[in-house]
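Biologist: Could you take me through one part of this model slowly, the place where the two protein chains meet? I'd like to see how that part connects to the rest, so take your time.

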2 protein chains.
Amino acid sequence: MSISKLNNAPSFTPLYGQIKILITQSLALGEWRPGQPIPSEMDLASRFNVSQGTVRKAIDELAGENILVRRQGKGTFVATHTAERSRYRFLRISGIKGKKEYPINDVLLHYKRGKADKEIAERLKLKRGAALIMLLRATTFSNKPIILHSIYLPAALFRGLNGAMISSYPGTLYSLYETRYGIRITHAEERLRAVAADKTATDALGVKPNAPLLGIERVAYTYGDKPVEWRRSRCNTDQHCYFNKLG
Amino acid sequence: MSISKLNNAPSFTPLYGQIKILITQSLALGEWRPGQPIPSEMDLASRFNVSQGTVRKAIDELAGENILVRRQGKGTFVATHTAERSRYRFLRISGIKGKKEYPINDVLLHYKRGKADKEIAERLKLKRGAALIMLLRATTFSNKPIILHSIYLPAALFRGLNGAMISSYPGTLYSLYETRYGIRITHAEERLRAVAADKTATDALGVKPNAPLLGIERVAYTYGDKPVEWRRSRCNTDQHCYFNKLG
DNA sequence: TAGTGGTCTAGACCACGTT
DNA sequence: ACGTGGTCTAGACCACTAG
């Protein structure tokens, strides 16, 4: 009834914060899988010897971070990239006009293996020269290639991954990471700039040389702020743009 | 003790949601001013005839939306753009290298009045031809102009605003809206794309013609999703970029 | 009908800032 | 010492889903 009694010291961590950490650990260890329900609030309360209200506050925060999803009357579930709903969490580009629904697809253009240079090693917190998987991929709207992605993955985390697996997989890439490798992307950081189209981009996107493109660098993380993927994307913003809300 | 009893109907609004609306109304009407404290949770609880916990939940959400700011031991305050802390809430551009602190300033280049064309009228929910104030403004980092803003304001909301007021004001533009006109920007939506530099941009930013620039369109809102400002910005991203977190 | 999350209450106690 | 927000509890009742 009071882990907090062990914690009168300088840095005070509330009970619900400790519960949050315990729940996150169970998630990271795979005790509860994406898409599956976690135990009810009452069950967790008795398991951790706290009140339902304390568990509730921990779950509230995890739900706010899109780690868990609450469904009234049904239970609390581990968030998953498989749900169609979450497609736009990590795809902030959409069409500029009207609200037509575009069919969105991804095409794998190139697959190879290589080693981390200084920049990628820094971003992914790897050692320089660590083995990487490198993908070149295009996102199409209405079958027109709009975004070109150069994607870099630590080979150690994705053993056995190959081009055929990616091409044949029906969902998003993050859904593949989750279902095939148990790696759930929880959050990401992006840096945007305007760049001139290079040859790779003109070929893949069908734009003129030096056309202005929206350049996006992204580091994607899993539980515990562990970086898992780095990508550099270039987007043709003639008919599409990047949406953002400032709160 | 139960406004909610009036509300067994199809759409159910919890008590704390109603309290949230009441608090927001007091804010919009100026009963509590930016930077000032609102009444304590206990005071509000007795004022609204609900428990402290219900007021607490309402305030929690408003604090999550950056409408209010909690300070333990001191009270709950109306958020303000005057605080240095909030400078970066609406400025997502920063330097690319190291973590040097750049002196950031704004320069007014041009001031005029005009009428709303179709696009601006739509964005600001005005009638076509409504009176506007138009600003051309540059944001400088280390005294170098990096971002050029074309800003459009409904003249009806900013009576008497002129170039001298803006140039002599020491804080951010949103701080000026707040202190001089009682209009607090609460949130905004942005659309980003890559564009080629036009003459206005080459002159103000010192880049080559057709250089790729990051184009940002923003609609800024006050309480009740009321649009108050529209701006189109162009940013030189050679040494700076736009940061974003995806949750 | 039973089980889940969602709301609301009342009260105790803690952490923080000010007086 | 006092008042503020922050945490935690225990219990009642509501809303939603499913068998």
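Modeller: Here is a walk from the chain contact outwards, first into the core, then to the sheet, then to the DNA. Keep in mind that this is a predicted model.

Let's start with the contact itself. On each side of it there are 25 residues: 25 from chain B are in contact with 25 from chain A. On the chain B side, the elements that put in two or more residues are strand 7 (187-196), strand 8 (212-222) and strand 10 (240-246). Strand 7 of chain B gives the most, with 10 residues. If you sort the chain B side by class, you get 13 nonpolar, 5 polar and 7 charged residues.

How are the two copies arranged? Chain B lands on chain A after a rotation of 180° with 0.0 Å of shift along the axis, at an RMSD of 0.0 Å. The two copies are therefore related as by a two-fold rotation axis. Both copies use the same surface, too: 100% of the contact residues of chain B turn up again in chain A.

The strands also pair across the contact. Strand 10 (residues 240-246) of chain A runs antiparallel to strand 7 of chain B, and 5 bridges join them. One spot to find on your screen is Lys245(A), which stands opposite Glu189(B) in strand 7 of chain B.

Now for the core. The largest nonpolar core has 36 residues, and the ones with the most contacts inside it are Leu192, Leu213 and Leu214 of chain A and Leu192, Leu213 and Leu214 of chain B. Click on Leu192(B) and look around: leaving out residues up to four places away in sequence, Leu192(B) touches Leu192(A), Leu214(A), Cys241(A), Tyr242(A) and Asn244(A) from the other chain, plus Leu214(B), Gly215(B), Ile216(B) and Tyr242(B) from its own. Apart from this core lies another, of 15 residues, with Ile23(A), Leu27(A), Ala58(A) and Val78(A) among them.

Next, the other strands of chain B. Strand 6 (residues 144-154) of chain B is mostly covered, with 9 of its 11 residues buried. Strand 6 of chain B has antiparallel pairings with strand 5 (residues 131-141) of chain B over 10 bridges and with strand 9 (residues 226-235) of chain B over 6 bridges. For landmarks, Leu132(B) stands opposite Pro154(B) in strand 6 of chain B, and Leu148(B) stands opposite Arg234(B) in strand 9 of chain B. The hairpin of strands 5 and 6 of chain B has 2 residues between the strands, and there Ser142(B) takes a positive phi near 50°.

Last, the DNA. Around DNA strand C there are 22 residues, and the closest are Ser40(A), Leu15(B), Gly53(B), Thr54(B) and Gly73(B). Both chains contribute here: helix 2 (41-48) and strand 2 (75-78) of chain A, along with helix 1 (15-28) and helix 3 (52-64) of chain B, each give two or more residues. The surface near DNA strand C divides into 7 nonpolar, 12 polar and 3 charged residues.

On DNA strand D, helix 1 (15-28) and helix 3 (52-64) come from chain A, while helix 2 (41-48) and strand 2 (75-78) come from chain B, each with at least two residues. Of the 22 residues around DNA strand D, the nearest are Leu15(A), Ser51(A), Gly53(A), Thr54(A) and Gly73(A). By class, the surface near DNA strand D has 7 nonpolar, 12 polar and 3 charged residues.

Technical notes: Residues numbered from 1 in each chain as written. Chains lettered and ligands numbered in written order. Predicted model: local features only at pLDDT ≥ 70, side-chain atom pairs only at ≥ 80, totals over all residues. Near = placed C-beta within 6 Å. Helix = DSSP H or I, 4+ residues; strand = E, 2+ residues; numbered from the N terminus. Nonpolar A, V, L, I, M, F, W, Y, C, P; charged D, E, K, R; others polar. Least-squares fit on C-alpha atoms with pLDDT ≥ 70 in both. Contact = placed C-beta atoms within 7 Å. Buried ≥ 20, exposed ≤ 12 C-beta atoms within 10 Å, placed from the backbone. Pairing = 2+ DSSP bridges. Core = buried A, V, L, I, M, F, W, Y, C linked by C-beta atoms within 7 Å.
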